[in-house]
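Trainee: I would like a close look at one part of this model, with enough of the surroundings to place it. Please start from the whole chain and work inward.

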Amino acid sequence: MPPARPETDKWALFRALSKAQAAFGVTSRELTVLQALLSFHPGATLGGARPMIVFPSNRAICERLNGMACSTMRRHLARLIDAGLVARRDSPNGKRYRRRDDPDRSAFGFDLSPLLRLSGQIHQAAEAAREAELRHRAARETVSLMRRDLAGLVALCREELPEPGNWDRFDDLAVLSARSLRRKLSIDDLTELGAVLQAALDELQQALAPLHSAEPSTCDARNEQHQQKTDKRNLDSVESATISDERTGASEPAGEDRVSLSQVIACCPSLGTFWDRPIHQWHDLCDAAGHLRSAMGIDGPSWNDARARMGPECASLAVAAMLERFGEIRAPGAYLRALSKRASEGKFSASGIIAAAARRQVAAGPCA
């Protein structure tokens with residue numbers, strides 16, 4: 001009897017080879033033929049004391065390959081042999097068979113032992129292929145987010161910068177990037193595209209920086225969101241409530257701009273169109289924004305990130321202002337992420353957002 005060899009699950013090994021097929025120079029069609037050969041091997045494992053030679057006829061192999069042409073099957077078999085995954089053991093008369101009267105049960109056909117010997121290399125190559133696949137997926141997701149952020153920043157620049165700029169080239173870059181992402185780009189292509197998008201994002205950030213560098217943030221929610229909540233029933237009415245007053249009852253430093261809830265409601269009338277509940281307190285606005293943002297196409301992670309960076313009130317008034325120009329914003333989620341990033345850099349101005357909304361309501365009358 002031949003000495004026992006280490007055993008391995010033949011189908012687990014086959015799945016690993018399917019993942020690492022590029023490293024061994026085989027295609028999915030050749031792997032299909034190998035799968036058929038493995039199906040002729042008895043048991044679920046390769047190795048041990050069981051013989052590792054299978055001896056099906058060409059007709060039997062083609063039948064298990066759903067009627068593949070014999071010439072095609074032989075061509076794929078030859079490639080498996082050239083790749084060193086299968087060996088051919090020919091009999092004196094060229095037939096494939098096993099001698100029943102032989103004490104060693106010698107057989108002639110296709111030897112699967114090379115597959116067992118390469119099992120370590122196959123598993124290592126499969127793991128490397130999985131890691132490369134994860135890196136590729138992460139690079140693709142990063143580029144996709146950068147493209148969406150670019151679209152949001154372009155919309156922000158068109159709205160807030162007083163002088164018209166050459167924003168069309170950034171729009172074109174966002175569109176062309178989206179088309180490129182429809183193809184299966186290599187990781188080098190993704191890295192190159194990411195560098196181009198990052199340069200465009202940096203340029204837009206620099207264009208926005210002078211506009212807000214001198215404007216202090218007027219939303220205290222970011223600084224107050226972790227303080228203990230007071231009884232909202234004792235707060236002032238809608239006409240005089242501010243974000244600071246709503247949360248703590250404290251007054252803001254002299255000279256600092258205030259953003260009242262009444263201003264938000266007056267400058268964002270679309271809230272009354274799409275939200276049928278009364279908004280008397282800031283938490284009412286937060287509830288409305290939390291429900292409306294999904295209908296606007298703002299995903300949960302973007303909304304949660306905005307609430308964490310800007311505070312719930314500032315994030316809600318930003319959504320209310322975006323609702324006023326919803327038809328103009330092509331990527332609301334990217335737009336909100338751009339505002340969140342500016343808030344984390346201390347460049348977000350709640351009064352600037354409301355002032356921009358107020359300018360759109362000039363024909364209907366001044367904001368309160």
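Trainee: Of the 368 residues of the protein, what percentage count as buried? After that, please look closely at how helix α15 and helix α16 meet.

Mentor: The model is a predicted one. In it, 44% of the 368 residues count as buried. The secondary structure comes to 18 helices and six strands. Among the contacts with a separation of 6 or more, 69% are between residues 24 or more positions apart.

Now the part you asked about. Helix α15 covers residues 300-310 and helix α16 covers residues 312-324. Their axes come within 6 Å and cross at roughly 125°. Angles over 145 degrees count as roughly antiparallel and those from 65 to 115 as roughly perpendicular, so α15 is oblique to α16. From α15, the contact uses Trp303, Ala306, Arg307 and Met310. From α16, the residues are Pro312, Cys314, Ala315, Ser316, Ala318 and Val319. Sorted by class, this contact of α15 with α16 has eight nonpolar residues, one polar and one charged.

A second helix pair can be set beside that one. Helix α1 (residues 10-19) and helix α3 (residues 28-39) pack with their axes 11 Å apart, at an angle of about 175°. That angle is over the 145 degree cut-off, so α1 is roughly antiparallel to α3. On the α1 side the contact residues are Lys10, Trp11, Phe14, Leu17 and Ser18. They meet Leu31, Leu34, Gln35, Leu38 and Ser39 of α3. The contact of α1 with α3 has six nonpolar, three polar and one charged residues.

Tryptophan 11 also leads to a strand. Its C-alpha is 7.9 Å from that of threonine 45, although the two are 34 residues apart in sequence. Threonine 45 is found in strand β2, residues 45-48, and counts as partly exposed at 23% relative accessibility.

Next, the interior. The largest nonpolar core has 61 residues, of which Leu150, Val264, Leu285 and Leu317 touch the most other members. Another core lies apart from it, with 33 residues, including Leu31, Leu46, Leu112 and Leu115. Leu31 thus belongs to this second core and also to the α3 side of the contact with α1.

Isoleucine 265 has its place in helix α12 (residues 261-267). Its relative accessible area is 30%, so isoleucine 265 is partly exposed. Isoleucine 279 follows 14 residues away in sequence, and the C-alpha atoms of the two are 8.1 Å apart.

Then the cysteines. The structure holds zero disulfides. For cysteine 70, the nearest cysteine sulfur is that of cysteine 62, at 4.6 Å. A disulfide would need the two sulfur atoms within 2.5 Å, and cysteine 70 is in no disulfide. Cysteine 70 is partly exposed, with a relative accessible area of 28%. Cysteine 286, at 12% relative accessibility, falls under the 20% cut-off and so counts as buried.

One backbone detail remains. Asparagine 66 sits in the loop between α4 (58-64) and α5 (70-82). Its phi is near 60°, a positive value in a residue other than glycine. The relative accessible area of asparagine 66 is 76%, so the residue is exposed.

Note on methods. Residues numbered from 1 in each chain as written. Predicted model: local features only at pLDDT ≥ 70, side-chain atom pairs only at ≥ 80, totals over all residues. Heavy atoms only, no water. Axes fitted to C-alpha atoms, helices over the stretch in contact; angles between N-to-C directions. Helix = DSSP H or I, 4+ residues; strand = E, 2+ residues; numbered from the N terminus. Parallel < 35°, antiparallel > 145°, perpendicular 65-115°, else oblique. Contact = heavy atoms within 4.5 Å. Nonpolar A, V, L, I, M, F, W, Y, C, P; charged D, E, K, R; others polar. Core = buried A, V, L, I, M, F, W, Y, C linked by side-chain atoms within 4.5 Å. Buried < 20%, exposed > 50% of the residue type's maximum accessible area, 1.4 Å probe, protein only.
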